Amino acid sequence: MKRTFRFEPRLQDVEEDVRREIEAHLAERSREFEAQGMAPEAARQAAIAAFGDRGAIEAEVRAVHRQTVTARRRTLRWDELRQDVLTAVRGLVRSPLYTAVALLALAVGIGANTATFSVLRSVVMRPLPYPDSGELVQVWTDHRARGRAEPEWLSPPQYFAIRDQVPAFSAIAGYQGWGPSLTGEGDPEALAGAAVNADFLTVLQVPPALGRGFSAADDDANAAPVVILTDGLWRRRFGGDPGVLGRTIQLSGQGWQVIGVMPASFRPPEPWQILRPIRRPVTSRCNHGCIVLRAIARLAPGATIEQASQQTAAAIARLIPESPEDNSRVGSWLVPLQDQLVGPVRPALLALAGAVAFVLLIACVNLASLTTVRAAARTREFGVRAALGAGRGRIVRQLLTETVVLALMGGGLGIAAGVVGTRVLAALIPTQILEVQAIGVDAVAVMTMVGVTLLAGLLFGLLPALQGAQPNLMGVLRTANPDDGRRAGMVRRGLVVAELALALVLLVGAGLLLRTLVNLQRTDLGFQPGQLIITNVAYPSARFPEIATVSSNLEQVLEQLRRHPAIAAAEVDDVPPLAPGGDQDVTALPDGRIPPPGVEPGGIWYRSVSPGTPRLLGMRLVAGREFGPEDRAGAGLSVIITEEAARRLWPGEDPIGRFFTSGPDPDSQRATVIGVVADVRHDGPREPLKMQAFFSVAQMPTRGTSLLILPSGDPAAAISAIREIIRDNDPQMPLGAISSFSERLQAVTALPRQFALIVGAFATSAVVLALIGVYGMMAYAVGQRRREIGVRLALGAAPAAMLRWIVAEGMWLTAVGVGLGVLVAAATTRVLSASLHGVDPLDRTTFVVLPLVLGLAALLACWIPARRARNIDPVEALRAE
Amino acid sequence: MAGSDLFTGSLDLLILKALQWGPLHGYAIGRWIRQWTDAVLIVQEGALYPALHRLEKRELLSEEWGISDTNREVKFYTLTRSGRLQLRRESARFGDYARVMTAALAAARP
């Protein structure tokens, strides 16, 4: 159908039209009735009767028109929208700087938020991958009343008491770490696994995909040894062959029958590859050193964690008469499994979420501020358009469209940035959590950001749009208004102040994290790992029944290593610094004395090392002597302790020559102190000091230890030498992963470093955005006042005075913004305290230096446009109007 | 269609037919239909008007105010080009329809 240009009649006109038409009809009809011989009155009535329901018919005609009018309006509106979008795109292309800055602001703001909230939702908010995972709790014992801050594992009697006496738990299972070496299936390999109670998989509610789970009978000390493989191990080492079920595999020199394979979707709470029953129902009374079990329990339906906690504490209390020293003043400490696993990263992620929310806020404020400035600069354009007949609504809509188009483009970029950013952020999450919770870009996070983008576009488009659309027509057309309205100016200044304040908050946060990082790197660890590389060796008792053979073999291996040209030094340490797990403390009674009642005897961490280890690790001897040939097997037990141990065991006294025992028994072996080394931060720079005791491996042999190797040159040559020597020594011995000490140290500081880097990046973008905001506003202010400045210059004002006049305003705004920022920062940096180390959340240096830096930068951003005020040529400025 | 028990579309077709020989005002269209259908088809005369307006919206008719033979101000309707096409198409279609219906209804045996 050909489109014709026509005027649409208004609905009122249509009504009038129809009324007249019907009147004409009735007149004609009555005339006809009259012609048939009816009286005029009767004829009229007959005409009306013949016509039918007049009201209904008029309504129907109106409806006919209304439908078409709406349809037409709809197409008209669509056309206008298309026109608005085109105009908007054209306008944006015309001011590339504005567009670029706005897009950057949005991309950074939205990208950072998408990434952070994706990670936050994947890690902190998503339930663990077990059915009804909200019911799972990690069961610890609480020894705080006994002076131990950390949650503690369970002793077997405690485990059985809890299992039998806590109705609030529907099931509970204990477990221990287990590190068997797999042999006879290609290269020997050290596996990470767990020894679990038969109920373990029942508690998690994840049955094996192949074969069967553990039964109570499997958990007996005399039962045939059985194992369940994880899907990963099954595929990697057994080619995914279902025939593995029922086969017997060699683990640490003993045969174990495979009874099941877990599904691929199974994520154990720790990165285990293999599970076996504990097979050690320790019902006998167990002494203090016997806190060996971790446990996960499932809350019974309807039971609360508080009920479970009370019942657990009561169950432990019932053990007091039987064994007071193990159970008095021991409480229960239940942690939802989710918190247990992701708890450590939650504060950092929440702080990060706060930081990115700030970045988005700044991006929006920046967008609003730039848009207001732009709108103000275009007041004249809008005035002209209004004069040409554009309705106010039309102008508002056009401005809004521009912002929304911008917001959508920025949002698209931001989401793309978010996808990349999610991967960067995932590096913040410890691998142990990643094993359990996969991280991906979260759909909800993306949708939220799309919503936020649109909202931001509308909100911040609306503000300037309303301002831009109420031009005082006459005033605008007559001349550029020197001040386009006090209120508009206030809004712009307010936005710049807000931007500066927000940027400062982020900057202070980043500063505090950076100082934390520096503190961590400066912390004296008490050892210097240098170029050391490290690997584990294990001597399972099934293959080395005599501990003496272990010692002699280890000595032999060390000798071979030391003789190899690629290796400069080789020592052993069963629990080297920064090594995860495998650590257990032993009671230390100084001089064998029983501590007075109510005082918890200190726990000391035992390490079994070769005589050269302290020196190789770079520990500093502060008193006494190193290990010598006299500290041999059979001689009196010698020990080197750390300063922390010396301070706590013999406060203010000389520890050399003193001894401690591990129990009050007069037969307990005495460990005589021969030396003291400077404190060793065994677990890394952030962790508290431990009392540590180093024994000679000759006097305290161990079946599993770590080799510490110093390469003489190329570490790769040293590594292949290690492989060769270990293989030649015993082809069945698995070689654990070979890592370098500096890698381990890096890993310890990786989280704070990444965190500081990311917040630093956010703070930098926030500062840049804020400075752009300041610059834009000052440039605009100078442009607006060209005429005023021109007049003043023409009247003899000094150009320098003009500069000062403009800069003074900028200074004032900067001062307010920065001051406000300091206040907000002081109120909010507390949320970072969990991530800080050695620096107060209100650290004075940070709170003085950074505001100054930001202030100076902001002044510079003011000064550059202000300089233009000085260079204004009065004649030109006045002529331009 | 209020006030009419015509087969669907019949009124529209009759209006178009009434205008085949030239412009008519609403009342004259109604009179023509009454005459040619023995006043059987139209119960309410007013029912004509929504139909007229609908056809006008579909651009099958155009409208124009003018003066009637009786010297009254009335609205004249004229067939547009597409109205003429529509009339031809619909007449043929209705012819077919009427023929088959008549034949079918006159059938004597199953």
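**Strand pairing, helix faces and chain contact in a predicted two-chain model**

Strands β8(A) and β9 (residues 254-261) of chain A pair in the antiparallel sense, and four bridges connect them. One of the paired positions matches A:Thr248 with A:Gln257 in β9(A). The two strands make up a hairpin with two residues between them. In the turn of this hairpin, A:Ser252 has a positive phi of about 50°. The structure described here is a predicted model.

Strand β8 of chain A covers residues 248-251, and its side chains alternate between two faces. A:Ile249 and A:Leu251 point to one face and are buried, whereas A:Thr248 and A:Gln250 point to the other face and are not buried. β8(A) also pairs with strand β3 (residues 181-183) of chain A; these two strands run antiparallel and are joined by two bridges. Here the bridge partner of A:Leu182 is A:Leu251 in β8(A). A:Leu251 is also one of the residues on the buried face of β8(A).

A second set of pairings in chain A involves strand β1 (136-142). Seven of the seven residues of β1(A) are buried, so this strand is largely enclosed by the rest of the structure. Unlike the alternation described for β8(A), burial in β1(A) extends to both faces. On one side lie A:Leu136, A:Gln138, A:Trp140 and A:Asp142, and on the other A:Val137, A:Val139 and A:Thr141; all of them are buried. β1(A) runs antiparallel to strand β11 (residues 294-299) of chain A, to which four bridges join it. Within this pairing, A:Leu136 has A:Arg298 of β11(A) as its bridge partner. β1(A) is also joined by six bridges to strand β12 (residues 331-336) of chain A, again in an antiparallel arrangement. In that pairing, A:Asp142 stands opposite A:Gly331 of β12(A).

The loop between α4 (96-125) and β1 (136-142) of chain A contains A:Asp132. This residue has a positive phi of about 45°, although it is not a glycine. In contrast to the buried residues of β1(A), A:Asp132 is exposed, because the number of other C-beta atoms within 10 Å is 11, and a residue counts as exposed at 12 or fewer. A positive phi in a residue other than glycine also occurs in chain B, where the value for B:Asn71 is near 65°. B:Asn71 is located in the loop between β2 (61-67) and β3 (73-79) of chain B. B:Asn71 is likewise exposed, with 7 other C-beta atoms within 10 Å.

In chain B, helix α2 (residues 26-36) has the buried residues B:Gly26, B:Tyr27, B:Ile29, B:Gly30 and B:Ile33. These residues cover an arc of only 160° around the axis, and therefore they lie on the same side of α2(B). An α-helix has 3.6 residues a turn, so residues three or four places apart point the same way. The other side of α2(B) carries B:Gln35 and B:Trp36, which are exposed. After α2(B) comes B:Asp38, which has a positive phi near 55°.

The contact between the two chains takes 20 residues from chain A and 18 residues from chain B. On the chain A side, α1 (11-35), α2 (40-51) and α3 (54-94) each supply at least two residues. Of the elements of chain A, α1(A) gives the most to this side, with nine residues. By residue type, the side of chain A that touches chain B divides into 10 nonpolar, four polar and six charged residues.

Over its whole length, chain A has 881 residues, of which 42% are buried. Its secondary structure comes to 26 helices and 24 strands. Among the contacts in chain A with a separation of 6 or more, 84% are between residues 24 or more positions apart. The average pLDDT of chain A is 81, and 88% of the residues score at least 70. Confidence is lower in particular stretches: over residues 1-7 of chain A the pLDDT stays under 50, and the model has zero contacts for these residues beyond four places in sequence. The pLDDT is also below 50 over residues 471-484 of chain A, but this stretch has 26 contacts in the model beyond near neighbours in sequence.

Technical notes
Residues are numbered from 1 along each chain as its sequence is written. Chains are lettered from A and ligands numbered from 1 in the order in which they are written. This is a predicted model: local features need pLDDT of at least 70, side-chain atom pairs count only at pLDDT 80 or more; totals for chains, interfaces and linings use all residues. pLDDT is the predictor's confidence in each residue, from 0 to 100. Two residues are in contact if their C-beta atoms, placed from the backbone, lie within 7 Å. Ala, Val, Leu, Ile, Met, Phe, Trp, Tyr, Cys and Pro count as nonpolar, Asp, Glu, Lys and Arg as charged, and the others, Gly among them, as polar. A residue is buried if 20 or more other C-beta atoms lie within 10 Å of its own, exposed if 12 or fewer, and partly exposed in between; C-beta atoms are placed from the backbone. Two strands pair if DSSP finds at least two bridges between them. The arc is that of the directions from the helix axis to the C-beta atoms.
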